[in-house]
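Hi everyone, thanks for making room for me today. Let me put the structure up on the screen, and then we can walk through it together.

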Amino acid sequence: MQVESALLFETPAELYARVLRSLKPKSPLPEIRVEFRRFANANSLIRLENQRLHVKITDLLEGAPAPVMEALAHILLGKLFRRAVPRIYGYRYRLYMNRRDVRRNLHLVRQIRGRKVLRGPKGETCDLDEAFEVLNFRHFDGLLARPALSWSVRRSRTVLGHYDPSHNAIIVSRLLDSPATPRLAVEYVLFHEMLHLRFPVEHSGARRRVHTREFRQAERAFPRLAEAKLILKSLAGC
Ligand SMILES: [Zn+2]
C-alpha cells in the first residue's frame, strides 16, 4: 500500500528507476527517458543502449492509473532483462486493457491511425469474395455481411489468416494462393475467420476469450475439418 501511494508523486522516469532498482539493485542506474507516443496499437517499447533506457509507451495509457503504469514497467523491464514478471502485474495490466472504455479507445486509434495495406480479394487461384459467398450460403444461411477481403502482402507461414475488427477485414495469407494448395485449405482458413465475425471476442475481467465454446462448436461443423487442418500443418511446416 505504501508503494502505491508513493506512485502518485512519481514521474514516469522515477517510476522506471524505482522498478529497475528493485530488479537490479547492484547495477548503476542508466539514464532513463520515458515518452508517450501516438502508436496505432497498444504496444509499448523498451530499449537499453549505451547506458540509456528508452521507453516508448502508447499515448492510450497517458492517463492510466499509477498502479497500471507500474504494472507495465514491471512487464517491460522483465521482458528486457528476461526476468519472470510476478503474475499480479500481468493481471493488473490486462484488467485495465480489457476495460470497455479502454478497448473502445484502442479500437478508434487502430481505425484512425492504422493503415491497412490490402491487395484485394482476387488472387491467382482464388477470388476470396466468391469463396466468401459460397461459405456464407453453405454455413451461415447467407446472413453474414461481407467484410473487406484480401490476400496478404507477404506469404506468411505463421499467420494464415486473421480478422481485423477495426478495419472490418479478413486477410488470408498469400501463401495459400497457389495452384499447389487444395481449395479445401483456403476455405477452411476463410471459414475460421468468418466465425470470428459471427462470434466476437468475449471480455470478462482480465480475460479475453477469442475462441469461445460456441466458436469451437460451430467450427466442428466444417466438413473434412481434420483433412483441412492436416494440409495447413504441412504448409506451415515446409
Ligand atoms: Zn481464430
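Let's begin with the metal: what spacing do the donors of the zinc ion follow along the chain? The pattern is H-x3-H-x14-H. Please keep in mind that this is a predicted model. The protein donors are His192, His196 and His211, each through NE2, and they lie 2.0 to 2.1 Å from the zinc ion. His192 sits in helix H7, while His211 is in the loop between strand S8 and helix H8, so this pair ties together parts that are 19 residues apart in sequence. As for accessibility, His192 is buried, at 13% relative accessible area, whereas His211 is partly exposed, at 33%.

Now stay with H7, because this helix gives the most to the largest nonpolar core, with ten residues. That core has 33 residues, and those touching the most other members include Leu190, Met194 and Phe222. Other elements giving two or more residues to the core include helix H6, strand S6 and helix H9. Which residues does Met194 touch, leaving out those up to four places away in sequence? They are Phe132, Leu135, Asn136, Phe140, Leu144 and Ile170.

Apart from this core lies another, of 30 residues, with Leu23, Val55, Leu60 and Met97 among them.

One last stop: Ala64, in the loop between strand S3 and helix H3. Is Ala64 buried or exposed? Ala64 is buried, with a relative accessible area of 10%. Not counting residues up to four places away in sequence, Ala64 touches Met69 and Tyr96. From the C-alpha atom of Ala64 to that of Leu197, the separation is 30 Å.

Notes: Residues are numbered from 1 along each chain as its sequence is written. This is a predicted model: local features need pLDDT of at least 70, side-chain atom pairs count only at pLDDT 80 or more; totals for chains, interfaces and linings use all residues. Side-chain values use heavy atoms; hydrogens and water are left out. Donors are N, O and S atoms within 2.8 Å of the metal (3.2 Å for Na, K and Ca); water is not among the atoms, so sites may look incomplete. Helices (H or I, at least four residues) and strands (E, at least two) are DSSP runs, numbered from the N terminus. Buried means under 20% relative accessible area, exposed over 50%, partly exposed in between (1.4 Å probe, protein chains only). Contact means heavy atoms within 4.5 Å. A nonpolar core is a set of buried Ala, Val, Leu, Ile, Met, Phe, Trp, Tyr and Cys residues joined through side-chain atoms within 4.5 Å.
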